[in-house]
Amino acid sequence: MDIRNLDSDQVVAYLTGMGFELLTVSEAVKAVGPSIEDALEFILTNSGGGGNSPSTSMPKDGSSRITRKMGNKMRQSRITEHLNLGTKSKTRTTSSHSVTPELKENVRQKCHVINSDIASQAPEPVIMFPCKDMIGEDWEEKVKRILNKHFGYSALKSFQKEALEAWLAHKDCLVLAATGSGKSLCFQIPSLLTGKVVIVISPLISLMHDQCLKLAKHGVSACFLGSGQIDKSVEQKAMDGMYDIVYVCPETILRLIDSLQNLAACRGIALFAIDEVHCVSKWGHDFRPDYRRLSVLRETFKAEKLKFLMFDIPLVAVTATATFRVREDILKSLCMSDQTKIVVTSFFRPNLRFSVKHSKTSSVSSYKRDFEELIAIYTKRSTSGKRNYSSMLDMDDASVSSTFSRSFEHEESYEEDIFNSDISFSDDDELALGNSKSSPVSEPRKLSVGFLEDECDHQVADDFDVSCGEFSVQYPKDFSSCSLHAFPTKPDKRLQLQHGPVDEGSAIIYVPTRKETLSIANFLCRFGVKAAAYNAKLPKSHLRKVHMQFHEDAIQVVVATIAFGMGIDKLNVRRIIHYGWPQSLEAYYQEAGRAGRDGKLAECVLYANLFQIPTLLPSKRSEEQARQACKMLSDCFRYGISSSHCRAKMLVEYFGEEFQDRCLLCDVCVNGPPEIQNLRAEVMALMKVIHVHYRQQCFGDASGEFEQIIHLPNDIRRRRYVNKANIKTLVRSIREQYAEFAESDLVWWRGLSRILENKGFIREGDDKMYVQVKFPEPTELGLKLLRSEEDQPFYVHLEADMQLSMKTPKSNSSFSEWGRGWADPEIRRQRLGKKTSWRKPKQRKSQNVKPNLGTVRGRLTAKLCKPKT
Ligand SMILES: Nc1ncnc2c1ncn2[C@@H]1O[C@H](COP(=O)(O)OP(=O)(O)OP(=O)(O)O)[C@@H](O)[C@H]1O
Ligand SMILES: [Mg+2]
């Protein structure tokens, strides 16, 4: 950076980044203008070199030479604070210390003495962990001041207070709170309160990037480390204690354990935070095996192991999407202490309007129908000079192979690049693209179908590394833009907003595959929407820009895979569209949670093909994990096709919360459930057919009473399933046996079998796990139903797929009727007639083709086709 050519904001950012107080810096810049040198001169002259920041000390030598080195020196002084603190007194002082080169060297030496066998070499207990007594009983007042100064908020939320209290009592803490509720503050405040470093383990680079950017804006220095970090000096600086908050991906932190011990002994580590901690669990979504190895943190940073600690360094683990099973797994896998405080808040987001719509989501014709409204919203202001941004990728559905050849060397503007089809790869992109080291870096890489075709971003840890460098401190110009707009939580108030308009804001469209990010972004761009694709395989330079521009509202819509999911905190995201089935409700709720973080009304729409049972995206899974993944997908499918339960209620209850209320905003709450129907006849027909097939397979005898279920030995079970009757076979039997049901189709019966399974009348007969029952067999309860003689009504709400199937016109009345129809001479004549006309174009076509006279067939054809004279 050329420090001679900066504007006022940049000078303020630069100097606050060096550790000076914002107020002082602002006054200085106001007085002397946008010059670092002059501003520093002003500060030093006016403050007498004493410094006024509680967390930083000022150099007493009063040098006015501005160098980056000097910034480092001033940061280093914090390390000396801790060393002095330890060697002189056990009471924390806030006095400043000047940094001489000798002292700096001394610090470095001390830091490097401490290594893996730190426990044996460490000096006497030197650093006291700040607890309530040291920070003072008035810690809440102090936190309030910090909140106000850095973030512009007036008070902590109650769950944040609870989490901080646990930290002050040196306890581990697990925080389970809704998306957007403010979990990050639980681990950001400790650094600002103590002047020590907080280490945050985070799963996605997009998330680390997002948080670092925000912190920088709020005057907190932060950086992130990972394989994508281009500036290798950042890691050393972070380990030297130069940043308040350090974000690290789990893979990297395991490599840094020794350096972290040094850091804990020098500047001090206030807390280890594990963000999105559900990634620890095999039973959750986004499982990251390296998260499980984070138990090393709890095992290493213990007072009994590191002599210089008086207390264990606490661990705080946070997530918005963990079921009971996942919570237990987290506590166990991370070896969190028995005393761990668990803070749980409601998962309910009162301002999110959920809905589900049927769509094939597979082609441009679906895009046209489904995104019409979105396009209208985002282009309404620019319809006159409608700019065509269609260059994100110049391709249509069929040809995704257009290449990315233009180099970024001649960048004109950010905007051009983001929307431009020609994306080339810079050096740091090679890794993300899996490019071999041997390939020449200078040659622009072509992005081919091979890269894009149906790959998903599941469980690709390092792919998310998008280096964004360091984050210098900047203060927000207007705090009011960050304040939470209070959304009415009272039902009657929410009712008024049922049909309320949703502001323009910005949108994220989540798609299952990388290929779709490109095709949909391209589609939207063609209609003038400022849209961009985001997936782990795109060039890092492109991803960085998308991220920045999205936050600056220069991009209206990001079309992304899960690589742009967890934790992203942009206040005015008004629409989250899932285009295709998500893999789990956890993932769905997590991604939907990006919407409405300012508290205003926001829309979360799931477009999915309700006729088709979703399938798992390819990923490496053990058998056990595959079963779990299938169960999660099944829950997600059931959410989508449900027509009678409040969507928000379904979602929060999925996470184990008891929810008596209804959201009053979702499509089900607004439209109401469909009319209840008595399906006694259909239920009995299906149950009978299931029973007959079950008997047939078990005993080779279809007739017989509805006696007790016999629990067959495994070998018989296995043999039985050689000829197992799946739901398709059963439906064919129903159509053939019951004339009144000849019109119905598979989707409808599949829906009914799901309802019967939910009510416990049938169960899956196969050992495998399916998204919905595939080989149904009766349960004891089912047999009881069959035996019941009274004509009791069986009331049911038809689910969404069943309703759709009834609305869809059938091409032929039923399979059996189609078969029977051939016996009728009139029907036969009509059908054959149709077939003839269907063949006609082919015949016409052949007339234009000249027969090959070199073959017997050709000569014969020519003879036959010869016009008669
Ligand atoms: N005490 C508070 N008062 C007002 N606003 C707050 C407070 N704490 C946090 N916020 C705001 O809430 C928003 C969401 O914060 P944050 O990103 O920490 O959410 P989160 O709980 O981590 O969500 P996610 O689970 O999606 O990651 C932020 O914009 C933040 O500024
Ligand atoms: Mg978060």
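Here are some questions and answers about this predicted model.

User: Happy to start with helix α28: which residues of α28 are buried?

Analyst: Let's begin with how they are arranged around the helix. Helix α28 spans residues 647-654. Seen down the axis of α28, the buried residues fall within an arc of 155 degrees, so they line one face of the helix. Those residues are R647, A648, L651, V652 and Y654.

User: Thanks! And what covers the buried residues of α28?

Analyst: The cover includes one strand and several helices, and it helps to name them with their ranges. The strand is β8 (352-358). The helices included are α26 (585-592), α27 (623-641) and α29 (667-671).

User: K183 is buried yet has no salt bridge, so which side chain of opposite charge is nearest, and how far away is it?

Analyst: K183 sits in helix α10, residues 183-194. A salt bridge needs the side-chain nitrogen of Lys or Arg within 4 Å of a carboxyl oxygen of Asp or Glu. The nearest side chain of opposite charge to K183 is E276, at 6.4 Å.

User: Which backbone oxygen lies 2.9 Å from a polar atom of the K183 side chain?

Analyst: A good place to look is among the contacts of K183. Leaving aside neighbours within four places in sequence, K183 is in contact with F159, V175, A177, A178, V318, T319 and A320. The backbone oxygen at 2.9 Å from the polar side-chain atom belongs to A178.

User: Where does ligand 1 come in, and which of the residues around it come nearest?

Analyst: There are 21 residues around ligand 1. K183, just discussed, is one of those that come nearest. The full set of nearest residues is Y153, K183, S184, R594 and R597.

User: How many Å separate a polar side-chain atom of R597 from an oxygen atom of ligand 1?

Analyst: Several polar pairs involve oxygen atoms of ligand 1. A backbone N or O atom of G180 lies 2.7 Å from one, and a polar side-chain atom of D569 lies 2.9 Å from one. For the polar side-chain atom of R597, the distance is 2.6 Å.

User: Is S191 buried or exposed?

Analyst: S191 is also found in helix α10. Apart from residues up to four places away in sequence, S191 touches K196, V198, D244 and I245, and the backbone oxygen of D244 lies 3.2 Å from a polar atom of the S191 side chain. The relative accessible area of S191 is 2%, so S191 is buried.

User: What phi does H170 have, given that it is not a glycine?

Analyst: H170 is found in the loop between α9 (158-168) and β1 (173-176). At 19% relative accessibility, H170 counts as buried. Its phi is positive, at about 60 degrees.

User: How many residues apart are E162 and K341, whose side chains meet in a salt bridge?

Analyst: The N to O distance in this pair is 3.6 Å. E162 counts as partly exposed at 31% relative accessibility, and K341 counts as partly exposed at 30%. With E162 in helix α9 and K341 in strand β7, the pair links distant parts of the chain, 179 residues apart.

User: Which residue forms a salt bridge with D598?

Analyst: The closest N and O atoms of this pair are 2.9 Å apart. D598 lies in the loop between α26 and β13 and its partner in strand β12, so the pair ties together parts that are 24 residues apart in sequence. D598 counts as buried at 9% relative accessibility, and its partner is R574.

Definitions and conventions:
Residues numbered from 1 in each chain as written. Chains lettered and ligands numbered in written order. Predicted model: local features only at pLDDT ≥ 70, side-chain atom pairs only at ≥ 80, totals over all residues. Heavy atoms only, no water. Buried < 20%, exposed > 50% of the residue type's maximum accessible area, 1.4 Å probe, protein only. Helix = DSSP H or I, 4+ residues; strand = E, 2+ residues; numbered from the N terminus. Arc of directions from axis to C-beta. Contact = heavy atoms within 4.5 Å. Lys, Arg positive; Asp, Glu negative; His and termini not counted. Polar contact = N/O pair within 3.5 Å; in protein donor to acceptor, adjacent residues only side chain to side chain. Near = heavy atom within 4 Å.
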